[in-house]
Amino acid sequence: MDTNHQHTHEITISLMSDGSSYKCRFKDKESEIEYLKYVPRPVLTVSPSWTSPGDSVTLTCSVGPPSAGWRFFWYKAVPDLSDYYTYYTYELLAGGTTGTEQDSYILHGQTHTAGYVCRAGRGDPVFYTLYSDVKFVWSGGVNPAASLTVSPHRLQHFSIESLSLICEGNSAEWRVMRADEDGDVSTCSDWGEMTGSTCNTNTRASSGVYWCESETQSSNAANITIHSEFIFI
C-alpha cells in the first residue's frame, strides 16, 4: 500500500466584508496551503432603479483592480420559491453567452419589477468572479398578471400597526419580498406570516420596498415608510 498517497482538496473561504472569497488548496496529510487566490465579487448598479413602463435601464458591473481584460455576463434573477435560502436562480440575458467587453448593458422597454445579476470572467481557461448581489428595477405601474395591494391602503404607517400585503394574479403560489433601506432583501417569513397569498406583518415591519413574486411573475412595487409610534413636530 502506498502510505505516501495524499488527497488534495479545494475549499472556498469567505473572508471579506464585501462577500468576496479566497480559494485555497491544501494537502490533508501535511495540512499545507499551496496557494491562495482572491475571487472578487463585482458590484452591480442599476439606473434608474424606479421606472415607468417602456423606460430603458442601464446595468453597470464594476470589478475592483486590476480591472483590465474582463468580459461581463448579465443575468436575470428568476424567483425560486422551492428554496428558502436561495431566493433566485440566474438566467443569462439574450446574447450574453460570450459576455460583453463593455461593463454596461442596456435593457430596453423595461415594463415590470425584476432583479438582475452580473459576473465577470477572463483568461483561458476562464477565471470567473463571484456573482454580484441581486439588484432590482422596480415599477409602480399596473401589471395585470400580478399585483400587490397594501392594507391599510396607504404608504405611510406606524410601527405599531399591522399591515396586510396581498398578492393577486395568474399564479397559485406567491411570496412577498422586501428590500430594506440598506438594500438587504428578505421574504415575508422573516418579519411576518405568509398565509396563502397574503403576508401579515408583525412588529418587525420596517421601511422598504415591497413586492410580490411568483416563479413567473413580479408585481408592482410599493415604497412603504414605517414611522415610530410618536412623531415630534
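## Y116 and its surroundings

Let's start with Y116, which has plenty of company: leaving out residues up to four places away in sequence, it touches L44, L59, Y75, K76, A77, L93, L107, Q110, D133, V134, K135 and V137. Keep in mind throughout that this is a predicted model.

Y116 also belongs to the largest nonpolar core, a set of 17 residues. Together with L59, F72, W74, L93 and L107, Y116 is one of the residues that touch the most other members. Five elements give two or more residues each to this core: strand 4 (43–47), strand 6 (55–62), strand 7 (71–79), strand 9 (104–110) and strand 10 (114–122). The top contributor is strand 10, which supplies four residues.

## A second core

There is another nonpolar core, and it lies apart from the one around Y116. This one has 16 residues, including C188, C199, Y210 and A222.

## The 4-6-9 sheet

Now for the sheets. Strands 4, 6 and 9 make an open, antiparallel sheet, in the order 4-6-9. Strand 4 and strand 9 each have a single partner strand, so each is an edge with one side left without a neighbour in the sheet. On average, and ignoring direction, neighbouring strands here are turned by 20 degrees against each other.

If you want to look at the pairing itself, strand 4 and strand 6 run antiparallel and are joined by five bridges. One place to look is V43, which stands opposite S62 of strand 6.

## The 13-15-19-18 sheet

Another open sheet takes four strands, in the order 13-15-19-18, again with antiparallel pairing. Its edges are strand 13 (146–151) and strand 18 (192–195); each has a single partner strand, so one side of each goes without a neighbour in the sheet. From one strand to the next, the twist averages 15 degrees.

Inside this sheet, strand 15 (residues 164–169) and strand 19 (residues 198–201) run antiparallel and are joined by three bridges. Here I166 has T198 in strand 19 as its bridge partner.

## Two salt bridges

How many salt bridges does a search of the whole structure find? It turns up two. One brings together the side chains of E101 and R71, at 3.6 Å from N to O. E101 sits in the loop between strand 8 (88–92) and strand 9, while R71 is in strand 7, so the pair ties together parts that are 30 residues apart in sequence. As for solvent, E101 has 59% relative accessibility and counts as exposed, whereas R71 comes in at 31% and is partly exposed.

The other salt bridge joins the side chains of E213 and R175, at 3.0 Å from N to O. With E213 in strand 20 (residues 208–213) and R175 in strand 16 (residues 175–180), the pair ties together parts that are 38 residues apart in sequence, which is why it is worth a look alongside the strands. Are these two partners buried or exposed? E213 is buried, at a relative accessible area of 1%, and R175 is buried too, at 9%.

## T100, next door to E101

T100 is in the loop between strand 8 and strand 9, which is also where E101 is found. Is T100 buried or exposed? With 16% relative accessibility, T100 counts as buried, while E101 is exposed.

In sequence T100 and R71 are 29 residues apart, but in space their C-alpha atoms are 5.3 Å apart. Setting aside neighbours within four places in sequence, T100 is in contact with W70, R71, F72 and W74. With W74 there is also a polar contact between side chains, at 3.1 Å. F72 and W74 are worth recalling here, as both are among the residues that touch the most other members of the largest nonpolar core.

## S214, just after strand 20

S214 is in the loop between strand 20 and strand 21 (218–227). S214 is buried, with a relative accessible area of 1%. Which residues does S214 contact, leaving aside its neighbours within four places in sequence? They are P79, L81, S171, E173 and W174.

Terms used: Residues numbered from 1 in each chain as written. Predicted model: local features only at pLDDT ≥ 70, side-chain atom pairs only at ≥ 80, totals over all residues. Heavy atoms only, no water. Core = buried A, V, L, I, M, F, W, Y, C linked by side-chain atoms within 4.5 Å. Buried < 20%, exposed > 50% of the residue type's maximum accessible area, 1.4 Å probe, protein only. Contact = heavy atoms within 4.5 Å. Pairing = 2+ DSSP bridges. Axes fitted to C-alpha atoms, helices over the stretch in contact; angles between N-to-C directions. Salt bridge = Lys/Arg side-chain N within 4 Å of Asp/Glu carboxyl O. Polar contact = N/O pair within 3.5 Å; in protein donor to acceptor, adjacent residues only side chain to side chain.
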